[in-house]
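Me: Could you take a close look at one part of this model for me? I'd like to understand one helix properly, along with the setting around it.

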Amino acid sequence: MTEQHSQYYVPTQSPWPIVGAFGFFLVAVGAGTLVAQLSQTGEAGWGQMVLMAGLFVLFIMMFGWFKDQIQESRVGLHNQQLGISYRQGMSWFIFSEVMFFGAFFGALFYARMISVPWLGGASNNVMTGEILWPGFEAIWPLTTTPAGNTTQAMGYWGLPLINTLILLTSSVTIHFAHTGLEADKRKQVAWMLGFTILLGSCFLALQVEEYIHAYQDLGLKLDSGVYGNTFFLLTGFHGMHVTLGTLFLIVIFFRILAGHFSADNQFAFQAASWYWHFVDVVWLCLFVFVYIL
Amino acid sequence: MNTITQTAPTHADEHHHGPAKGIKRWIFTTNHKDIGTLYLWFAFIMFLVGGAMAMVIRAELFQPGLQIVEPHFFNQMTTVHGLIMVFGAVMPAFTGLANWMIPMMIGAPDMALPRMNNLSFWILPFAFLILLSSLFVEGGGPAFGWTFYAPLSTTYSGDSTALFVFAVHIMGISSIMGAINVVVTIWNMRAPGMTWMKMPLFVWTWFITAYLLIAVMPVLAGAVTMVLTDKYFGTSFFNAAGGGDPVMFQHIFWFFGHPEVYIMILPAFGIISTIVPTFSRKPLFGYSSMVYATASIAFLSFIVWAHHMFTTGMPVFAELFFMYCTMLISVPTGVKVFNWVATMWRGALSFEVPMMFSIAFIVLFTMGGFSGLMLAITPVDFQYHDTYFVVAHFHYVLVTGAIFSLIAATYYWLPKWTGVMYDIGLAKLHFWCSLISVNVLFFPMHFVGLAGMPRRIPDYSIQFANWNQIISLGGFAFGLSQLIFLALVIKACRKKGDPVPDKVWDGATGLEWEVKSPAPYHTFTTPPEIK
């Protein structure tokens with residue numbers, strides 16, 4: 001205990017945080033303006049440029065920040081205490097992501113178990129249905145909204161099931177990448193990481209396929225009532241997280257090829273694999289609650 | 001295996017130096033004290049900006065009828081006043097105190113993740129720049145109340161709503177990063193021997209607060225995202241025609257919003273639990289019960305959210321559940337109040353300025369707690385809902401609660417930060433002006449509220465005119481009193497005053513009083529010994 005505490009490590013000043021804050025500023029202004037402009041004129045105005053610039057600044061920030069970070073880690077400036085701090089920070093970040101998905105799962109459960117049945121007259125709401133939307137039938141998936149929007153439900157057989165298997169397999173491959181790193185079998189690490197990235201990309205491609213199928217064949221759209229809303233926002237945010245996770249893994253892959261990481265210096269590797277397991281678990285919940293039930 | 005071609009950055013010994021020169025010190029800083037200072041000044045500026053908006057509100061309400069501002073602008077003022085005070089003043093001020101004090105209190109050299117710390121701060125000025133500039137967008141800024149209920153924020157809101165949504169998003173990112181930093185610092189950076197039950201209560205309360213933040217800020221992000229898609233992309237989360245429900249918005253919002261209330265008061269409990277023992281010259285009565293009470297309040301805060309929604313037509317069992325859970329919160333809160341009183345009991349009391357504000361806190365916060373208890377009773381709330389009684393209640397807990405604790409904390413630690421004693425005469429003047437005016441301001445709100453005056457409306461019925469004039473006068477006086485505070489703090493920051501010893505208050509305990517005054521730029525390079 002005393003040994004690892006003998007000297008604290010405090011990093012030096014860095015330009016990257018303020019660059020990042022400025023990037024967030026551009027993203028927020030750009031996205032906010034873009035959305036408003038789209039709704040007013042149907043065309044993207046200058047908001048789009050600002051958003052792009054913001055994303056570019058954020059990319060530069062991450063590149064520069066991680067570069068400094070990796071360099072400092074490689075020359076051995078990071079001590080064990082900092083490693084623990086990073087791991088704890090990452091786990092609480094993942095917890096906050098869980099809560100973010102929790103908000104949308106909450107909306108899904110509320111719609112299924114409360115708002116849709118109540119609109120159909122359940123509980124003490126008999127007259128709601130009678131007066132506002134007579135003839136509305138409370139079923140889930142909600143294929144006909146009270147206002148009369150119709151759509152078809154997305155089944156779980158086919159693409160979603162294949163996607164589930166793909167993500168489950170990828171969780172296994174990333175696990176073997178990790179055991180490979182622990183045993184210093186670098187070939188195994190590279191191969192298994194490569195497989196994981198490939199599976200993640202396949203998942204994303206199939207997800208795009210599924211969206212096309214939903215829009216073209218099923219008429220299931222973002223604005224098809226609360227079923228379409230929860231479907232697209234849950235799978236959409238999950239897809240965004242898979243994209244980020246895949247990018248994260250690609251960076252790790254190249255760092256493995258460059259000879260980075262070892263059994264006792266592997267924070268970024270671990271963080272990427274935790275993140276990957278997290279998107280996997282979210283998908284399992286999605287598969288059960290959005291597709292099957 | 002591979003060679004490292006880059007030269008090793010010679011960072012390791014740089015932290016024995018003082019701060020960098022000029023503006024670079026502030027924008028690139030990784031120093032917890034610099035970042036704490038930035039947070040505190042930002043919060044103070046936002047407090048004055050949000051306060052100016054409150055002055056506009058009170059000026060309009062000075063007389064019945066519409067005279068000074070348009071109703072739409074009035075709505076923007078109530079909305080942005082709330083948003084700024086919650087997200088721009090109270091929360092950053094507590095985060096600033098956490099940054100300054102937690103590493104010093106637990107014997108750490110700095111926060112665990114110093115660069116991320118800088119990022120969490122610098123997002124905030126940008127976020128509030130967006131929020132404030134949205135007031136000048138065509139159609140005006142957010143005008144749907146700080147709670148942005150659907151359909152006000154979805155169907156009936158202006159074009160600036162998207163800017164509002166993304167501003168809240170980046171504020172949330174800032175809060176989550178700040179909270180993760182606090183959690184990791186407390187878990188991982190305590191000096192050897194600083195066991196959990198030896199931690200100062202300010203550290204404990206912030207530890208629990210940080211968990212609340214990590215748990216609920218993402219839910220707020222979800223809520224604003226759904227508002228965004230409902231307004232701009234045709235979803236119907238909060239629209240019954242598509243199978244959603246406007247009440248669902250309130251459930252999601254208050255699942256965030258109620259723990260948020262405790263985010264703004266738990267660190268205040270920590271501050272009061274630090275100051276009262278110092279000036280009673282006795283250890284805190286019931287330390288461990290304080291810790292458990294804080295944890296219980298945090299837990300209960302997750303299962304009481306619908307007490308904000310008693311009038312939405314929930315089933316009776318839900319109303320009862322939320323009523324009983326809410327009333328249960330008064331048990332751990334009562335434990336705290338009794339512990340503070342018991343700490344003072346037979347203590348060698350002295351009434352320095354931080355103690356004056358702390359005692360005012362205990363009395364006035366308890367009053368706010370009692371009016372909260374009244375609001376918790378469902379059938380009674382049917383009458384009080386959305387009246388000035390509610391406004392009186394939450395201003396008693398937020399202004400005479402959270403803000404008074406922040407002022408008390410400033411008077412307590414300012415000499416440690418600056419190395420000089422502030423102008424005590426001015427401080428006492430500030431105390432008495434604030435104490436009297438704040439009660440003139442908020443106490444009569446109970447009366448007009450019970451008589452039925454609705455909140456958030458720029459006009460009112462003629463019979464409320466007398467009390468509203470008194471309220472407004474109290475408001476202007478309270479606003480002006482804070483300028484005394486501003487002058488005092490500026491004076492202290494310019495080192496005008498008598499130098500203070502390391503241990504500024506003779507009854508104080510804790511590691512922060514073992515280091516020099518003003519606290520050196522880097523406090524502990526090696527861990528201190530904790531007995």
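**A helix and its surroundings**

Reply: Happy to. Keep in mind that this is a predicted model. Let's begin with the chains and then zoom in. Chain A splits into domain 1, covering 12-77, and domain 2, covering 80-292. Between the C-alpha centres of those two domains of chain A there are 24 Å. Chain A has 9 helices and 0 strands, so reading along its sequence gives you α-α-α-α-α-α-α-α-α. Its C-alpha atoms take up a box of roughly 75 × 45 × 40 Å along the principal axes. Of the 293 residues in chain A, 37% count as buried. As for contacts in chain A with a separation of 6 or more, 68% come from residues 24 or more positions apart.

Chain B is where your helix sits. Here the count is 16 helices and 0 strands, and the C-alpha atoms fill a box of roughly 65 × 65 × 45 Å along the principal axes. A compact globule of 531 residues would have a radius of gyration near 24 Å, and the 23 Å of chain B agrees with that. Buried residues make up 58% of the 531 in chain B. Among contacts in chain B with a separation of 6 or more, residues 24 or more positions apart account for 83%.

Now the close look: helix H10 of chain B, residues 316-328. H10(B) has 13 residues and runs 18 Å from its first C-alpha to its last, close to the 18 Å expected at 1.5 Å a residue. Which of its residues are buried? They are B:Glu319, B:Phe322, B:Met323 and B:Thr326. If you look down the axis of H10(B), these buried residues fall within an arc of 105°, so they line one face of the helix. What do they pack against? The partners are helix H12 (353-376) and helix H13 (378-384) of chain B. Flip to the face of H10(B) turned away from that buried side and you find the exposed residues B:Phe317, B:Leu320 and B:Tyr324. Their side chains are worth a look on your screen, as is the buried set that includes B:Glu319.

The setting also includes the contact between the two chains. Chain B puts in 72 residues and chain A puts in 69. On the side of chain B that touches chain A, the elements giving two or more residues are helix H4 (114-133), helix H5 (161-188), helix H6 (201-232) and helix H7 (246-263) of chain B. H5(B) gives the most to that side, with 14 residues. Sorted by class, the side of chain B that touches chain A holds 47 nonpolar, 20 polar and 5 charged residues.

One residue to click on while you're there is B:Pro114, which is found in helix H4 of chain B. B:Pro114 has 26 other C-beta atoms within 10 Å, which means it is buried, since 20 or more is the cut-off. Leaving out residues up to four places away in sequence, B:Pro114 touches A:Val10 and A:Pro11 from chain A, plus B:Thr30 and B:His32 from chain B. For a sense of distance, the C-alpha atoms of B:Pro114 and B:Ile173 are 16 Å apart, with their positions 59 residues apart along the chain.

Notes
Residues are numbered from 1 along each chain as its sequence is written. Chains are lettered from A and ligands numbered from 1 in the order in which they are written. This is a predicted model: local features need pLDDT of at least 70, side-chain atom pairs count only at pLDDT 80 or more; totals for chains, interfaces and linings use all residues. Domain bounds come from an automatic or database domain assignment. Two residues are in contact if their C-beta atoms, placed from the backbone, lie within 7 Å. Helices (H or I, at least four residues) and strands (E, at least two) are DSSP runs, numbered from the N terminus. Ala, Val, Leu, Ile, Met, Phe, Trp, Tyr, Cys and Pro count as nonpolar, Asp, Glu, Lys and Arg as charged, and the others, Gly among them, as polar. The radius of gyration is taken over C-alpha atoms; the globule rule is 2.2 Å times the number of residues to the power 0.38. A residue is buried if 20 or more other C-beta atoms lie within 10 Å of its own, exposed if 12 or fewer, and partly exposed in between; C-beta atoms are placed from the backbone. The expected span of a helix is 1.5 Å times one less than its number of residues. The arc is that of the directions from the helix axis to the C-beta atoms.
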